[in-house]
Amino acid sequence: MDTWNIEAFLRILSTVLFALTACLVGFDTQTKVLFYTLTNKATFKDLNALYVIVWIDTAVAVYNLLQVLRSYILPGFRKDLKASYRYLRWGIYLLDQGFQAAAYVVFAATMAAVQASTLAVTGEKSFQWMKVCNRYTRFCVQIGGALLCGSIAAILMAITSSISAYALFRHYSPKKFLQLKGK
């Protein structure tokens, strides 16, 4: 399988996982009746880490989608490396470095949400924080599934960035700095 096809497949898969994460977290809500008329509603806005992850995952999913469209709109990407193409490939590589930075941001936001969600599951007696997930079980299970999807998508982003770097640097000589290999 060609590196372009693998890269496109991983980008599409991570886009789907990011969109799924954003939707699962963003639309997750559960209402409990505390007394006969008093209700309490759990949403992603109750935990700042979840609110941040919705926006970050949405932005990265859009970025991934634009990168996939870029690879199919410009058909010259599938040709052999030529002089003008080399500069274009470097530009894409630099954009992918932004992609790699986004992978780190997504991973950090996901881990912050995991940590905050863990406190919701276990509580913290020293701070007098109560367990929340024993009341909002469905909400917590759905958030857990969403965070798992987000973690997998972040790992796929790192793999995609590595493949992109390989696709660029495999055309260069290992012995001479930034010199193209001979045919």
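This briefing covers the fold, the annotated spans, and two contrasting positions in one helix. The model is predicted. The protein chain has 183 residues, of which 39% are buried. Its secondary structure consists of four helices and two strands, arranged along the sequence as α-β-β-α-α-α.

**Overall fold**

- Contacts between residues at least 6 apart in sequence join residues at least 24 apart in 73% of cases.
- The exposed area of the protein chain is about 11,200 Å², and carbon and sulfur atoms supply 69% of that area.

**Strand pair**

- Strand β1 covers residues 29-33 and strand β2 covers residues 39-43.
- The two strands run antiparallel and are joined by five bridges.
- The connection from β1 to β2 is a hairpin of five residues.
- Val33 has Thr39 in β2 standing opposite.

**Annotated spans**

- The UniProt record, an unreviewed entry, gives the feature "transmembrane region" at residues 9-27, 47-69, 90-116 and 136-169.
- In the model, residues 9-27 are 95% helix and 0% strand, with 27 Å between the end C-alpha atoms.
- Residues 136-169 are 97% helix and 0% strand, and the end C-alpha atoms of this span are 50 Å apart.

**Helix α2: a buried position**

- Helix α2 comprises residues 48-73 and contains Asn64.
- Asn64 is classed as buried because its relative accessibility is 0%, and the cut-off for buried is under 20%.
- Beyond its neighbours within four places in sequence, Asn64 is in contact with Arg11, Ser14, Thr15, Phe18, Phe99 and Met157.
- Of these partners, Arg11, Ser14, Thr15 and Phe18 have numbers that fall in the annotated span 9-27.
- Phe99 falls in the annotated span 90-116, and Met157 in the annotated span 136-169.

**Helix α2: an exposed position and a surface patch**

- Leu66 is also located in helix α2.
- Leu66 has a relative accessibility of 52% and therefore counts as exposed, the cut-off being over 50%.
- Leu66 belongs to a nonpolar surface patch that also includes Val62, Leu65 and Leu69.
- The area of this patch is about 360 Å².
- Helix α2 thus holds both Asn64, which is buried at 0% relative accessibility, and Leu66, which is exposed at 52%.

Methods
Residues are numbered from 1 along each chain as its sequence is written. This is a predicted model: local features need pLDDT of at least 70, side-chain atom pairs count only at pLDDT 80 or more; totals for chains, interfaces and linings use all residues. Side-chain values use heavy atoms; hydrogens and water are left out. Two strands pair if DSSP finds at least two bridges between them. Buried means under 20% relative accessible area, exposed over 50%, partly exposed in between (1.4 Å probe, protein chains only). Contact means heavy atoms within 4.5 Å. Patches are made of residues with over 30% relative accessible area and no salt bridge: like charges are joined within 9 Å, nonpolar side chains (Val, Leu, Ile, Met, Phe, Trp, Tyr) within 5 Å. Accessible areas come from the Shrake-Rupley method with a 1.4 Å probe; for residues, only the protein chains shown count as cover. A salt bridge is a side-chain nitrogen of Lys or Arg within 4 Å of a carboxyl oxygen of Asp or Glu. UniProt positions are given in the numbering used here, feature names are shortened, and annotations may be inferred rather than shown by experiment.
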